[in-house]
Amino acid sequence: MLPLKEKDKSIIQKLLTAGCCARCILRFCCISVHAAYRRPHQDTLKELQTFITDTENSKSQDSAAESTEGNNDSHDASVSDAPEEPLSKKAKLDVSAASEEDESRVCGLCLGILQELSDPSRAAKIAEAVKTENYKFDTMVLSVSLPAQLCVREHSCWLHVKKEVREKSAVLDKDDVIQVKEAFKWVMQGLVAKELGGVDVVTKSEFEVGVEFTHPETDADCHFLASTCPDCFKPTKNKQSVFTRMAVVKALEKIPDSKFLKHYPCPPTRPNSSCTAKDVQCLHVSVFVAGRYNKFCRSLPQTPWVIDGERRMESSVEELIAAPILLAFRADGFNFSSSGREDVDVRTLGNGRPFAMELLNPHRSRLSRVEMKRLQETINDSSDKIRVRDLQIVTREAMSRMKEGEEEKTKSYTALVWTQKPIQRADITFIDDIKDLTLDQKTPLRVLHRRALAVRQRVIHSMNARFLDPHHFHLGLKTQAGTYPHTTASVFLTH
């Protein structure tokens with residue numbers, strides 16, 4: 001049984017006459033019981049019909065009882081004074097006719113979304129689209145994108161029943177009406193979950209299945225709002241139409257009822273066709289993989305080196321690491337970042353440089369510890385130019401922390417310096433006394449393809465020199481992150 005109340009009777013009659021489907025009538029009766037929407041559409045229509053006719057019959061019976069009590073002393077009352085039953089019969093016939101018509105026509109309120117677009121066959125198509133994408137997931141969330149004109153039609157129907165409700169000394173707040181999107185989810189979530197083998201459909205999940213509906217026949221429903229509320233519709237570069245759902249809702253909040261009714265029919269007219277369901281879109285939130293890398297080659301850039309559209313090196317650290325990871329997680333793409341970067345001819349030794357990758361729309365989101373170790377070995381076996389360690393899945397926050405304080409970090413470098421002029425140990429002792437030397441560092445020509453030309457201040461915290469022979473010594477530098485050490489060393493020693 002539907003949880004209907006006496007006050008709902010006038011709303012049901014009004015919306016049935018207006019050509020609304022059974023589920024939309026439940027929405028306007030503010031029925032929030034999910035199971036009510038999952039019932040077959042025809043069964044709900046029949047129960048609505050029964051509810052109305054039972055109400056009419058009870059009224060007729062009450063009227064008959066009053067008439068009998070009033071004529072107890074006069075047994076010769078005329079038969080013509082008895083209550084007439086044809087009234088309830090007529091109401092029943094009218095509702096039955098409306099029900100039969102509603103079953104075959106498109107609802108003017110939801111544009112068919114809560115009719116044939118919410119049946120088991122549609123759920124099967126959604127599930128089949130998900131299976132084809134071959135994602136690995138435990139839970140999913142069903143998202144729905146609806147045409148903006150549904151807001152206009154909803155507003156029109158609300159105005160249509162508001163007056164009727166007010167005359168019954170009741171109130172129907174627009175926010176109390178169940179949204180089409182919610183009703184659709186209540187109907188479809190269980191059906192889709194069943195088709196996918198019982199996967200949990202939840203309100204929050206890393207895996208999203210998107211269903212989008214369009215209805216070109218009624219696209220013009222929103223156009224009058226552009227002239228009545230022009231400040232609500234601002235052209236944007238990323239949107240194909242100014243009539244976004246948010247803009248339409250904002251305009252409907254501003255427009256007076258009287259002005260709305262001058263431009264739009266109330267109730268809305270019924271369309272000739274239902275909405276069109278576009279291709280199902282599957283999307284998994286990003287997965288983040290981090291670790292450390294060593295670079296042993298002096299002709300390998302960190303990222304692809306492309307200058308003026310021409311590639312200069314055949315590979316890069318980023319590509320050597322990313323290729324096996326993308327394959328393992330079956331991701332659509334990635335974003336690579338690291339804690340600083342080295343020049344193409346500089347090796348990265350020691351514990352390695354921290355790096356992280358954001359994997360975009362991965363079809364697989366988890367790997368076991370054994371699988372991650374095997375993936376690390378695959379990367380290391382693929383090339384002798386790099387090596388990775390500590391490969392692991394991390395959170396977005398951990399990736400952000402890697403970049404925090406990057407400019408405040410200090411880096412230590414050692415350079416082997418050759419001098420054309422013979423030197424003695426005493427000639428380089430002054431280097432040890434240099435502390436906190438501030439440089440105005442101009443962007444080198446070799447990195448102009450990826451960094452803007454600018455002068456940036458960097459600090460050399462300390463320097464030290466270790467004499468080797470009359471033509472060689474070791475130069476140690478402790479610098480602020482972002483300092484170009486070999487450029488700094490060569491310029492300093494030249495002067």
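Of the 495 residues in the protein chain, 44% are buried. Keep in mind as you explore that this is a predicted model. The accessible surface of the protein chain comes to about 27,500 Å², and carbon and sulfur atoms account for 50% of that area.

Now let's look at how the chain is built. Its secondary structure comprises 15 helices and 15 strands. Take the contacts between residues at least 6 apart in sequence: 77% of them join residues at least 24 apart.

One sheet is a good place to pause. Four strands form an open sheet in the order S12-S15-S14-S13, and their pairing is antiparallel. At its edges lie strand S12 (410-418) and strand S13 (435-442), each of which pairs on one side only. On average, neighbouring strands of this sheet are turned by 35 degrees against each other, direction ignored. You can follow one pairing yourself: S13 and strand S14 (residues 455-469) run antiparallel and are joined over seven bridges. Find Lys442, and opposite Lys442 you will see Val455 in S14.

Finally, let's turn to the cysteines. A disulfide is a covalent bond between the sulfur atoms of two cysteines. How many disulfides does the structure hold? It holds zero. Why does Cys30 not form a bond with the closest cysteine sulfur? That sulfur, in Cys29, is 7.4 Å from the sulfur of Cys30, which is too far for a bond. Cys222 tells a similar story, because its sulfur is 7.5 Å from the closest cysteine sulfur, in Cys151, again too far for a bond. As for their surroundings, Cys30 counts as partly exposed because its relative accessibility is 29%, whereas Cys222, at 1%, counts as buried.

Note on methods. Residues numbered from 1 in each chain as written. Predicted model: local features only at pLDDT ≥ 70, side-chain atom pairs only at ≥ 80, totals over all residues. Heavy atoms only, no water. Helix = DSSP H or I, 4+ residues; strand = E, 2+ residues; numbered from the N terminus. Buried < 20%, exposed > 50% of the residue type's maximum accessible area, 1.4 Å probe, protein only. Contact = heavy atoms within 4.5 Å. Areas by Shrake-Rupley, 256 points an atom, 1.4 Å probe, with all protein chains shown as cover. Disulfide = S-S within 2.5 Å. Pairing = 2+ DSSP bridges. Axes fitted to C-alpha atoms, helices over the stretch in contact; angles between N-to-C directions.
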